[in-house]
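Visitor: Could you take me on a close look at the empty space inside this structure? I would like to know what surrounds it and which residues are worth pausing at along the way.

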Amino acid sequence: MGDVAEDLISGTVGGASQLIVGHPFDTIKVKLQSQSAPLPGQPPKYAGAMDAVRQTLAAEGPRGLYKGMGAPLATVAGLNAVLFMVRGQMEALLRSESGASLTVNQQIVAGAGAGVAVSFLACPTELIKCRLQAQSALAHSGSASVAVKYGGPMDVARHVLRSEGGVRGLFKGLVPTLAREVPGNAAMFGVYEALKQYMAEGPDTSKLGRGSLIVAGGLAGASFWIFVYPVDVIKSVVQVDDYRNPKYTGSMNAFNRILASEGVKGLFKGFGPAMARSMPANAACFLAFEVARSALG
C-alpha cells in the first residue's frame, strides 16, 4: 500500500505541474480544432495558432488562455494519480523480481493498461474542458450549441446531466478517448523508459540528473501526440457537437466528414500548439513525479 500511496501523491504533483505549464497551449489547440470550416471565399476565424492567441488575449485577456482549467484542476488528482498508480501496479505485476528494472516493452504494456483506466476519468473531464474552451470559436460559426453560455465547469456538468441524457452524456466521446489514451500512454511511457535507458547506458536509470529527466519527459510527451493526434481531433469535435442538432452521428462519421471536407489537414488542426505544449508540459510532469517519488521513497 505504501507504493500505491506514493504513486498517487507523486502523480498528483506531476499532473498539477503539467496542467499549469500546458493549459494555455491546450486552449489554443481546442479552439483551432473546434472552429468550423469557413464558407467558400471566407477566411477562418483563426488563421493559425498565433492568431488564436492574439484574438483570445484581445477578447478575454490572459484569463482566456486558462479557460476551462477548473475541471482538470479539480480532477487532476484523480486523473494523474490513477495514471501513475495503475502504471505502478502493472509494473509490479510485470516485474520478474522485486526491484528489477522493466524492459521498454513492459513499460509499453504498463502504459497501455494505465491508459484504459484513466480514460474513464478523462472523458467527462475533457468534455467539460472542451466545451468551455470552444465557446468563442463555436459562437463565430453560428452553431446552435452556443445558445448555452456556460458559466464554468459545474455549469457545463449541470447542463449535460439535465439536458443531454444524464450521466451518459458526460461520457460522450468515450470511444475516441480510449483510442487516444491507450496507444498514447503506451507510446509515452515506452519512449520515456527507452530514452532514460539510452542516456543511462543501461537499465539502471536511478542516477540520471534532472536535465536528463526533463529531456526524456519532454520527448515522451511529444510521442503521445505524434501517435494519436487525429483521434484527439475526432474526440474534440464529437464532445463539443450540439446534442439536439448534431453535426456528427459518431466518431467514424466525424472522421469521414472531416476527411471529405478538409482532407488530411483537417485531422491535424491545432497540431502545432499541441506539440508546443507537449514538451514543456510533460517535461514538468515527469520531473515533478520523479522528484516527488524520490522524496517520498
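Guide: Happily! In this predicted model, the count comes to one cavity of 30 Å³ or more. About 550 Å³ of space lies in that largest cavity. Its lining is made up of 29 residues, and those nearest the centre are Q18, E126, R180, E181 and R277. At least two lining residues each are supplied by helix 1, helix 3, helix 4 (104-141), helix 7, helix 8 and helix 10. By character, the lining of the largest cavity divides into 13 nonpolar, eight polar and eight charged residues.

The cavity is closed off, but there is open space to visit too. The largest pocket has a volume of about 960 Å³. It is lined by 30 residues, and E91, R95, K196, E290 and R293 are the closest to its centre. Two or more residues of this lining come from each of helix 1, helix 3 (70-94), helix 7 (174-200), helix 8 (210-240) and helix 10 (271-296). Helix 3 gives the most to the lining of the pocket, with six residues. Here the division is nine nonpolar, ten polar and eleven charged residues.

R293 leads us on to E6, a residue found in helix 1. The side chains of E6 and R293 make a polar contact at 2.4 Å. Leaving out residues up to four places away in sequence, E6 touches R293, L296 and G297. E6 counts as buried because its relative accessibility is 18%, and the cut-off for buried is under 20%.

Further along helix 1, which spans residues 2-34, we reach K29. With a relative accessibility of 1%, K29 also counts as buried. Its contacts, again not counting residues up to four places away in sequence, are W225, Y229, D232, G270, P273 and A274.

Those partners of K29 bring us to a stretch that has an annotation. An unreviewed UniProt entry lists residues 2-93, 102-198 and 208-295 under "repeat: Solcar". Over residues 208-295 the chain is 77% helix and 0% strand. The end C-alpha atoms of that stretch are 15 Å apart.

Let us now turn to A200, which lies in helix 7. A200 counts as partly exposed, since its relative accessibility is 25%. Apart from neighbours within four places in sequence, A200 is in contact with T205 and L208. A200 and G250 are 50 residues apart along the chain, and their C-alpha atoms are separated by 45 Å.

Set that beside R168, whose place is in helix 6 (residues 167-170). R168 is 75 residues from Y243 along the chain, yet the C-alpha atoms of R168 and Y243 are separated by 12 Å. With a relative accessible area of 74%, R168 is exposed, as the cut-off for exposed is over 50%.

To retrace the walk, the enclosed space has Q18, E126, R180, E181 and R277 nearest its centre, while the open pocket has E91, R95, K196, E290 and R293 closest to its centre. From R293 you can step across the 2.4 Å polar contact to E6, and helix 1 then takes you on to K29.

Methods:
Residues numbered from 1 in each chain as written. Predicted model: local features only at pLDDT ≥ 70, side-chain atom pairs only at ≥ 80, totals over all residues. Heavy atoms only, no water. Helix = DSSP H or I, 4+ residues; strand = E, 2+ residues; numbered from the N terminus. Buried < 20%, exposed > 50% of the residue type's maximum accessible area, 1.4 Å probe, protein only. Contact = heavy atoms within 4.5 Å. 1 Å grid on protein atoms, 1.4 Å probe; cavity = no way out; pocket = protein on both sides within 12 Å on 5 of 7 lines; lining within 4 Å. Points joined across faces, edges and corners; volume = space filled by probe spheres on them. Nonpolar A, V, L, I, M, F, W, Y, C, P; charged D, E, K, R; others polar. UniProt positions renumbered as here; feature names shortened; annotations may be inferred. Polar contact = N/O pair within 3.5 Å; in protein donor to acceptor, adjacent residues only side chain to side chain.
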